[in-house]
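Reader: I'd like a close look at one part of this protein, taken slowly. Could you walk me through the charged side chains and how they pair up?

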Amino acid sequence: MQGDELRYALLGTVRVQDAGGEPIRLAPQQRAILAMLLGRGGRAVTVGELVDGVWGDPVPERALSTLQTQIAQLRRKLEPGRPPRAPAEVLLSAPGGYRLRTAEGACDLDVFDEHVAAAERAAREGDPHGARRLFGAALDLWRGEPLAGVPGPYAEALRAALAERRLAALEARVRLDLDLDLGGQAESVVPELTMLVAEHPLREALRAQLMLALYRSERQGEALAAYADARRVLGEELGVEPGPELRELHRRILRADPSLDGGGGGGAGGPAHTGPDQAHGPGPVRYRVPTPAQLPAPPADFTGRTDESDRLLAALDSGSPHIVVSAMAGLGGVGKTVLALHAGHRVRDRYPDGQLYVDLGGASAVPVEPAEVLARFLRALGVGSVPEGVDERAALYRSVLAGRRVLVLLDNAASERQVEPLLPGTPGCAALVTSRARLPIPSARAFELDVFSEAEALALLTGMVGADRVAAEPEAAAALVAACARLPLAVRIVGARLGRRSSWSIAGLVNRLADARGRLAELRVGDMAVEATFRLSYDQLSPSLARAFRLTSLIEGPLFTLPMAAAVLDRTERETEDLLEELVEASLLDSPTEHSYRYHDLLRLFARARAEERGTTTEAPRADAALPVTEADVALPVTEADAAIGRLVDYCLAVVRSAHRLARPGSVTPDDLAPTRAVGVAFVDAKDGQEWVRREFDTVVAVLREAVGRPGVGIVPAVDLLLALDPFGEADFLWPQLNAPAAALADEAALRGEASAEIRARYMLGGGLWQIGHEEQGRTEVSRALELCRATGDETMYGQTLNVAGLLVKGSDPEAMLALLREAIAVHARRGNLWGELEAVQNTCHPLRDLGRAPEALEALTEALARAKPLGWTVIRIYLLGNHARLLARLGRTAEAVASYSEALIGCREIGSGYLELLVEHGLGEAERVLGRYGRAAAHLEHTLAGARRLGNERLQASVLLDLGTTLAESGHAERAEACLRASHDLHVRIGLPLPEPLTAYAKGS
């Protein structure tokens, strides 16, 4: 067949000879193409591989067309007699590329490999003379630098690999020379070894052979000097001592060990290895580098992660013709390495040419340099002579991987810069990268690893402590993994602690973790510690990022918003967003929706601890004439955390004040609140403002809690923030959540001697306690607030406090109630507080009705409704309509009452107040009962009862149960009526409400 007599040479200048032995002239790029085809030993080479191997990066614009031209010319030169349209017989087309068909032994590289293989076989079979002869024949094929003059990255990589193979064969032949030691062979190889050591000064095997040759040549001093030179060079170049084998040979030379004298193949001993895999001492010589299998074993108790594992395996096991790169990021301790190792071992059979692994130290202060990793990988892949520069090492690394299927696991990466040189460059290989930060690796399949599900966390705990132990305390086990916030590292730590303490109960460990401030200290065992894991990430942050990480953790709640974070950091929203997004990229923060952020629970504890330990801040609060500062405030130290909370209070007060203005038009309260540096929000309408409060309510309440006991946070703005929430407590029945911070703020204000702030806090607390049915306690708080108002002459809260005091008159004395409410009306009128005036007027209907002056009350309410209507739909207008309807019903005008209640329902839905809707529907149910429409009445009352239970409003439940029981009794449902009346009676008694007449009669009857 045409081409069978062509002969190729790579072990020197690339040459091709025709059947007559005449050289075929080739252009440089044609030699590069031919070298790649011959280097593949008849296997196909893709077009992309040829382009990369011949030109490298960047690829010229016309590389593909140039390649096709060169292929065509090369075919004509290799097959000059082939007819124009006949198929090629030498340089064949293959799917996606080309391959070269050669006769057996046609290439000198193939002959070299055959001689080396035969030499190794002879050595194994006990024929050292034959082995030496075959190694010599192999080395005689070399005609200088391999692939001399051939351009391109592939040629460069193959040149280095061939040089290494020649050197390995040369070391093997020299060893045989020394082992046989025939005819003064040791003396004869000294010059050759001296030159080889000069060319390869870091190759310890050559130095060992030189030392042995010198010793056997009776030049012991020179042998010891050769060792001294080796030690100096290794120390200067690498900062290391000679290896154990070289050191052992040195000791044996010092002792004049008889086994070094040679002869019969037994004298070389172990130190004269020629390669990393050669057997120790005399015997068979091996030169093959083992397939790297560097993956550490994953934990035996690997648990869960089914979906994530399936996704990784699908990527790594896809059989994709492209390079597969998977990048997995996540919080420290979330289990990235464990999952990566699990997946890596599952797909080992897909990568039969090896698995490389390195911990890149991305979470440490000094991550591992890519050049160092490349050197490790190249040595593991059989490259003995590693070039110096990172670019040269990376090019050789990619060349060595070409045509292989190798999995590379790059664990704990620090940056894209660190990873990029370590990625394979040809299809068939895959890289799996784990990192805390999200790395923008081009074309990588990105994975975000989150914490365990509860089931996965419990499964890991069960696997560590035993199913019986978890089954004995299932609730405690659930509480334990919740305290660990389902972080795999934390669950593993508590599992290990319980495993070491068989006498401990799970509940006992839960109690140890109950105090959030000390929880991180408890989450450690041996070398594992959640806090230490977090600190590795924290310590790498820039000062501005570290500050953002610390301070935004002070914002409580499941989520915090960008504007809140900007207030805490005292930066613009744009600056703040840049900082927070960097923290998200570093897996120290999560952003579930745009402009909202959250911490992992344990990470928040860590961040808050860093904020609290900062001590007095260097960023003192800005001087601002608009901010009232007391002498006590000035004298107290301000910590970084205090300053941040103070700014958050200021921001929240500004926003809630804006919402308050819309919720209560005509009120002067917003003008009485402390001035703020922050600017409020321009809400579209009252409902928009109310929605902001609903959305951020938990966070605002947490801010109030944080303000208490922090000497660096002003008590006045904190209390005013509480007061600003008054309309929303009323509209959504938020008193159960507001009463605790109100009590704490009232006591704190009293401690600081801030009477005005104490008045406001006790006003809010008194009204809130009354709303949940604790009238006596509420009366005490309001009485203290009234006392302070009168003692200090503070009239800003006097009218509002009088209003609540009127509602809380002991014994429901209508005359006393009316007097207080009318005084409140006068104060509000004097101060121009329309809202307050209307509120007090609508409350006068209760004592007027009890005094038998219902028409007077109706007239007052009708006039008040006319004044409230221009304000639009507001809470006060709905209250006025409700009381108006109630009075109409009392006067026997029930149909009109139903119409008024129905109008009020429209208003409730307009402003979005579910709580007020319940109050109105309660009244509507009563009116329908009076009209004898029991079905409608019961439906309204049942709906109200369900809503009151949902809110936890026992006062409303007690009242609705009474009316529902009455309705059911009148409609013939005696059993259900009895149950409702009994429940109403019990509630009245339990929360201390006066028993209405029907319940008094019921109690007597029962």
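Author: Here is a walk through the salt bridges, followed by a patch of charge on the surface. Keep in mind that this is a predicted model.

Over the whole structure, a search turns up 63 salt bridges. Side chains of opposite charge can pair when their charged atoms come close.

Let's start in helix α6 (residues 153–180), where D177 and R173 sit 4 residues apart, so about one helical turn separates them. These two form a salt bridge, with their closest N and O atoms 3.2 Å apart. Are the partners buried or exposed? D177 has 1% relative accessibility, so it counts as buried. R173 is buried too, at a relative accessible area of 12%.

Now hop over to helix α9 (residues 220–238), home to D229 and R232, which are 3 residues apart, again about one turn of the helix. Their side chains meet in a salt bridge at 2.7 Å, N to O. Here the cover is another story: D229 is partly exposed at 28% relative accessibility, and R232 is partly exposed at 41%.

Further along the chain, E917 and R909 meet through their side chains in a salt bridge of 3.2 Å, N to O. E917 is buried, with a relative accessible area of 17%.

Some charges link up as a group: E556, R608, E612, D642, E706 and R710 form a network of salt bridges.

Finally, the surface carries a patch of negative charge, whose members include D52, D57, E156, E237, E388 and E392. Of these, E392 belongs to helix α14 (residues 390–401), and this residue is partly exposed, with a relative accessible area of 40%.

Conventions
Residues are numbered from 1 along each chain as its sequence is written. This is a predicted model: local features need pLDDT of at least 70, side-chain atom pairs count only at pLDDT 80 or more; totals for chains, interfaces and linings use all residues. Side-chain values use heavy atoms; hydrogens and water are left out. Patches are made of residues with over 30% relative accessible area and no salt bridge: like charges are joined within 9 Å, nonpolar side chains (Val, Leu, Ile, Met, Phe, Trp, Tyr) within 5 Å. Accessible areas come from the Shrake-Rupley method with a 1.4 Å probe; for residues, only the protein chains shown count as cover. A salt bridge is a side-chain nitrogen of Lys or Arg within 4 Å of a carboxyl oxygen of Asp or Glu. Lys and Arg count as positive and Asp and Glu as negative; His and the chain ends are not counted. The place of a charge is taken as NZ of Lys, CZ of Arg, CG of Asp or CD of Glu. Helices (H or I, at least four residues) and strands (E, at least two) are DSSP runs, numbered from the N terminus. Buried means under 20% relative accessible area, exposed over 50%, partly exposed in between (1.4 Å probe, protein chains only).
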